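Dear colleague,

I am handing over a structure to you with this email, and below it you will find what was found in it. Please keep it open beside you as you read.

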Amino acid sequence: MSEPSLEPKSTTLAEVMSLMRRNQVRSGDFTYTRPAPMTYEQQWLWDSCFHALIYAHFDPNQARQELLSLLHPPGFPDSRMIPHMIYWTGGGLELWGYDHVSFLTQPPMVADTALRLHRRDPNVPFLRRIYSRLQQHYEWLNDARDPDGDGLVSIIHPWESGWDASPRWDGALNLIRPTPHETKAARLQLAKELRENGTDAREICETDRFVIEPVDFNSIYAVNLSALADIAGILGRDQDAAIYKARAVKTAEAIRNRMWDPQTNRFCDLAGEGEKPIRVSTPAALFPLFNGIASDSQLEHCLRQFHAEFSEPFPVPTVSPREASYSPDQYWRGSVWLSVNWFIHQALLSRNLSSEARMLATKSRHLVDIGGFFEYYDSRTGDGLGAADQSWAGLVIEFGPSGNLVGGR
Ligand code: GLC
């Protein structure tokens with residue numbers, strides 16, 4: 001009998017293609033990709049952006065389809081914002097008060113996704129087709145989610161961050177060492193309150209309910225305003241390009257100046273009207289590594305934090321192992337998520353930090369090679385956790401040696 005091999009087998013492009021095809025859902029003229037069979041059958045905002053980035057490697061037309069279904073959902077309550085969930089066959093009524101969409105959003109990465117797709121497979125008519133819809137969403141963020149006009153946008157529910165159960169939100173939800181059941185109950189309760197009382201960020205600020213300016217969400221916002229400016233430039237809309245470039249610079253400056261916590265030498269989320277720093281150490285603090293956000297000295301601190309807290313044994317744990325709340329296998333409380341790894345990898349590439357980027361890419365690939373296509377992974381053992389056959393595990397091809405032909409800006 002032969003010994004089992006300890007070498008992980010490499011995940012192949014054919015396996016990623018098959019995963020994505022298995023998860024495709026058709027609805028009328030539209031197709032989208034469900035995040036995972038059974039567990040996540042609806043369409044999700046940031047998942048669909050990741051799916052488009054994956055499809056871009058082997059089927060750019062499908063990548064465009066994924067973005068079209070995301071941008072043109074049925075039954076829209078506010079025609080400007082892109083909702084975080086779309087229920088193509090209905091079913092959202094009880095939770096959201098709308099049958100087909102949620103009233104929340106998710107990390108605003110769609111402009112950058114469209115630009116990356118365009119760089120891989122140029123298609124100006126497609127950019128022209130989606131441009132006004134993209135504009136509406138970023139204008140909505142500016143109008144509705146930056147009530148104090150400081151360039152930083154707020155989220156009004158943990159689901160909007162994508163990091164549902166992170167201890168970053170415990171304080172604002174009045175949770176102390178919560179169980180998974182308690183964090184979930186708090187999220188459902190908050191959704192109910194928003195459904196009943198409305199989602200106006202200004203009012204929420206005044207009444208001191210859950211309102212947070214997250215450092216990762218805002219870094220993504222800055223990168224995406226800049227991507228939107230580039231798209232406007234490609235379409236010859238120079239005035240728009242100048243407006244979005246200026247907004248990108250304003251947000252980057254606000255992150256640099258207002259989200260830096262000299263007490264811990266880290267970037268922090270800001271909570272409530274008083275903008276109090278949330279000092280739980282998580283890799284969200286590394287998102288300002290994107291070129292044009294952190295200053296040189298902040299970058300040094302970020303890199304130190306990356307090496308000391310987030311690189312071993314399986315990066316990137318979603319909570320620092322130094323935190324009391326760190327649990328290597330728990331949902332958003334220390335487990336590894338490829339969605340987060342993708343951003344940090346892109347941020348490192350955008351600064352030409354190639355040895356850190358290479359290390360992170362290799363280890364991210366190993367997670368999928370060893371564990372398979374999972375929603376998230378144990379940061380101590382690398383075991384796959386959560387939903388099986390999760391589509392965004394296909395991001396493994398973005399970490400491949402020949403992947404990532406488009407670096408960050
Ligand atoms: C979970 C994740 C969220 C993701 C969704 C679909 O709710 O926390 O980030 O978008 O699943 O995969």
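Before the first finding, a word on terms: the axes spoken of here are lines fitted to C-alpha atoms, for helices over the stretch in contact, and the angle between two of them is taken between their N-to-C directions, running from 0 to 180 degrees. Please also bear in mind that this is a predicted model.

With that in hand, helix H3, which covers residues 60-71, packs against helix H6, residues 124-144, at an angle of about 30°, and their axes lie 11 Å apart. Because angles under 35 degrees count as roughly parallel, H3 is roughly parallel to H6, and the crossing in which H3 passes H6 is left-handed. From H3, the residues Arg64, Leu67, Leu68 and Leu71 meet Phe126, Arg129, Ile130, Arg133 and Leu134 of H6; the residues of this contact divide into 6 nonpolar and 3 charged, with no polar ones.

I then turned to the pockets. The largest pocket holds about 860 Å³ of space and is lined by 41 residues, with Asp164, Ala165, Arg187, Tyr331 and Trp332 lying nearest its centre. Helix H8 gives the most to this lining, namely 5 residues, and the lining as a whole divides into 21 nonpolar, 11 polar and 9 charged residues.

The second largest pocket holds about 410 Å³, and among the 21 residues that line it, Gly171, Ala172, Asp208, Arg209 and Phe210 lie nearest its centre. Here too H8 provides the largest share of the lining, with 4 residues, while the lining divides into 10 nonpolar, 5 polar and 6 charged residues.

With best wishes

Conventions: Residues numbered from 1 in each chain as written. Predicted model: local features only at pLDDT ≥ 70, side-chain atom pairs only at ≥ 80, totals over all residues. Heavy atoms only, no water. Helix = DSSP H or I, 4+ residues; strand = E, 2+ residues; numbered from the N terminus. Parallel < 35°, antiparallel > 145°, perpendicular 65-115°, else oblique. Left-handed = near helix turned anticlockwise from the far one by under 90°. Contact = heavy atoms within 4.5 Å. Nonpolar A, V, L, I, M, F, W, Y, C, P; charged D, E, K, R; others polar. 1 Å grid on protein atoms, 1.4 Å probe; cavity = no way out; pocket = protein on both sides within 12 Å on 5 of 7 lines; lining within 4 Å. Points joined across faces, edges and corners; volume = space filled by probe spheres on them.
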